[in-house]
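Student: I've got a protein model open and I'm not sure how to read it. Could we go through a few features together?

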Amino acid sequence: MTELLQIAPEVQQALHESRPVVALETTLIAHGFPPRVGVEVGLASEAAVSLEGAVAATVGVIDGAVVIGLDKKQIERFGEAGADARKAGPRDLAACAARRELGATTVGGTLRACALAGIRFLGTGGIGGVHRGFAERPDVSADLAELARTQTLVVGAGAKSLLDVPATAEVLETLGVPVVGYRTDELPLFYAAAGGPPVSARVESPEEAAELARAHWELGGAGLLLGNAPEHGVDVEPLLEQALRTAAAENISGQAVTPFVLSFLHERSGGRTLEVNRDLVAANAALAAQVAVAFSTISPR
Ligand code: PSU
Ligand code: MN
């Protein structure tokens with residue numbers, strides 16, 4: 001193994017023994033929540049994975065290496081750095097490692113680590129995708145391209161709420177990525193369960209999701225998105241439009257848009273969106289672990 005990649009011994013051992021492993025990202029720890037809350041969410045996700053009987057592997061770039069299986073102290077460094085941690089998509093891993101910068105991996109960056117280590121499951125809040133207004137200002141997350149080439153199932157409450165979700169679903173179709181609904185016919189809209197574009201397949205159980213993933217991989221497919229609706233969703237569409245208009249009026253653009261919109265929603269919803277966001281991240285980690293466990297019990301054909 002290259003010294004640019006470090007896999008924690010318990011993760012390495014579990015992979016070696018074909019036991020269930022779930023990768024978790026660090027962008028949401030550093031950038032997705034207010035200070036301190038991100039670390040709580042990251043640790044709660046790890047706990048949820050363990051509780052389901054899988055091994056959690058939180059990924060980040062730290063001290064010159066892509067680390068798969070951060071320890072608690074390392075996770076806390078991402079919380080302390082907050083916005084100072086570089087948001088690390090697939091293109092940024094090398095720069096972060098070579099320059100020894102702290103890199104908080106996005107879903108795309110974490111998927112690259114999954115490909116290197118052979119991790120088949122990833123739990124997150126929501127994936128990146130096609131931004132609203134992409135016709136004027138093309139902005140499409142590298143999460144989509146990485147899903148198209150990595151044999152990993154990602155559990156999320158759909159895509160980030162501020163995106164153009166129907167357009168994101170279209171691009172996933174173009175890339176051959178199944179959009180699977182967990183007990184739902186619609187891709188969840190992150191904070192809200194209903195109103196999203198139709199899924200390409202629906203499953204009723206972790207076992208069924210595991211079977212579908214295995215079939216996809218055996219038939220030459222790569223990534224899958226498993227959409228898991230938040231348990232107590234809120235409809236934030238009117239607030240969201242207001243947030244995006246305000247961001248545009250204040251000339252907030254690029255990577256600054258997501259944090260701005262999230263804190264706007266948080267404030268205007270009286271903390272409801274933050275609560276929903278916290279809960280759904282841990283719930284998605286738990287479901288990813290359940291599918292990973294089910295997958296590990298499917299006897300190899
Ligand atoms: N969803 C959220 N908040 C976030 C993210 C998703 O509600 O911070 C992060 C995830 O890490 C995702 C990334 O992979 O944003 C996508 O960023 P971009 O659109 O810049 O590729
Ligand atoms: Mn982008």
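Student: By class, how many nonpolar, polar and charged residues are in the lining of the second largest pocket?

Tutor: Keep in mind first that this is a predicted model. To read a lining, you sort its residues by class. Here the lining of the second largest pocket has 7 nonpolar, 5 polar and 4 charged residues.

Student: Which residues lie nearest the centre of that second largest pocket?

Tutor: Among its 16 lining residues, look for Arg 132, Arg 137, Ile 252, Ser 253 and Val 257, which lie nearest the centre. You can also ask which element gives the most: that's helix H10, residues 237–249, with 3 residues. The volume of this second largest pocket is about 440 Å³.

Student: OK, and what is the volume of the largest pocket?

Tutor: The largest pocket holds about 800 Å³ of space. Its lining has 36 residues, and the ones nearest the centre are Thr 27, Lys 87, Thr 106, Lys 160 and Thr 258. Sorted by class, that lining has 12 nonpolar, 17 polar and 7 charged residues.

Student: Which elements give two or more residues to the lining of the largest pocket?

Tutor: Four helices to find on your screen: H2 (27–30), H7 (142–147), H11 (257–268) and H12 (272–297). The largest share comes from H11, with 3 residues.

Student: What surrounds ligand 1?

Tutor: For a ligand, you list the residues around it, then look for polar atoms facing each other. Ligand 1 is surrounded by residues including Glu 25, Thr 27, Lys 87, Thr 106, Lys 160 and Phe 190. Thr 27, Lys 87, Thr 106 and Lys 160 should ring a bell, since they're also among the residues nearest the centre of the largest pocket.

Student: Which polar atoms lie 2.7 Å from an oxygen atom of ligand 1?

Tutor: One is a polar side-chain atom of Ser 141. Another is an N or O atom in the side chain of Asp 143. Backbones can take part too: a backbone N or O atom of Val 107 lies 2.8 Å from a ligand 1 oxygen.

Student: How many cavities of 30 Å³ or more are there in the whole structure?

Tutor: A cavity differs from a pocket in that a probe inside it can't get out. The search finds 1 here, with about 60 Å³ of space. Leu 24, Glu 25, Leu 28 and Ile 29 are among its lining residues, and both H2 and helix H3 (37–51) supply at least two. By class, you get 4 nonpolar, 4 polar and 1 charged.

Student: How many disulfides does the structure hold?

Tutor: It holds 0. The way to check is to look for the nearest cysteine sulfur. For Cys 96, that is the sulfur of Cys 114, 17 Å away. A disulfide needs the two sulfur atoms within 2.5 Å.

Student: Is Cys 96 buried or exposed?

Tutor: Cys 96 counts as buried because its relative accessibility is 0%. Cys 114 is buried as well, at 1%.

Student: And where is Gln 13 found?

Tutor: Look in helix H1, residues 9–16. With a relative accessible area of 40%, Gln 13 is partly exposed. Its side chain makes a polar contact with the side chain of Glu 17, at 2.6 Å. Now try Val 55: it is 42 residues from Gln 13 along the chain, yet their C-alpha atoms are separated by 10.0 Å.

Note on methods
Residues numbered from 1 in each chain as written. Chains lettered and ligands numbered in written order. Predicted model: local features only at pLDDT ≥ 70, side-chain atom pairs only at ≥ 80, totals over all residues. Heavy atoms only, no water. Buried < 20%, exposed > 50% of the residue type's maximum accessible area, 1.4 Å probe, protein only. 1 Å grid on protein atoms, 1.4 Å probe; cavity = no way out; pocket = protein on both sides within 12 Å on 5 of 7 lines; lining within 4 Å. Points joined across faces, edges and corners; volume = space filled by probe spheres on them. Nonpolar A, V, L, I, M, F, W, Y, C, P; charged D, E, K, R; others polar. Near = heavy atom within 4 Å. Polar contact = N/O pair within 3.5 Å; in protein donor to acceptor, adjacent residues only side chain to side chain.
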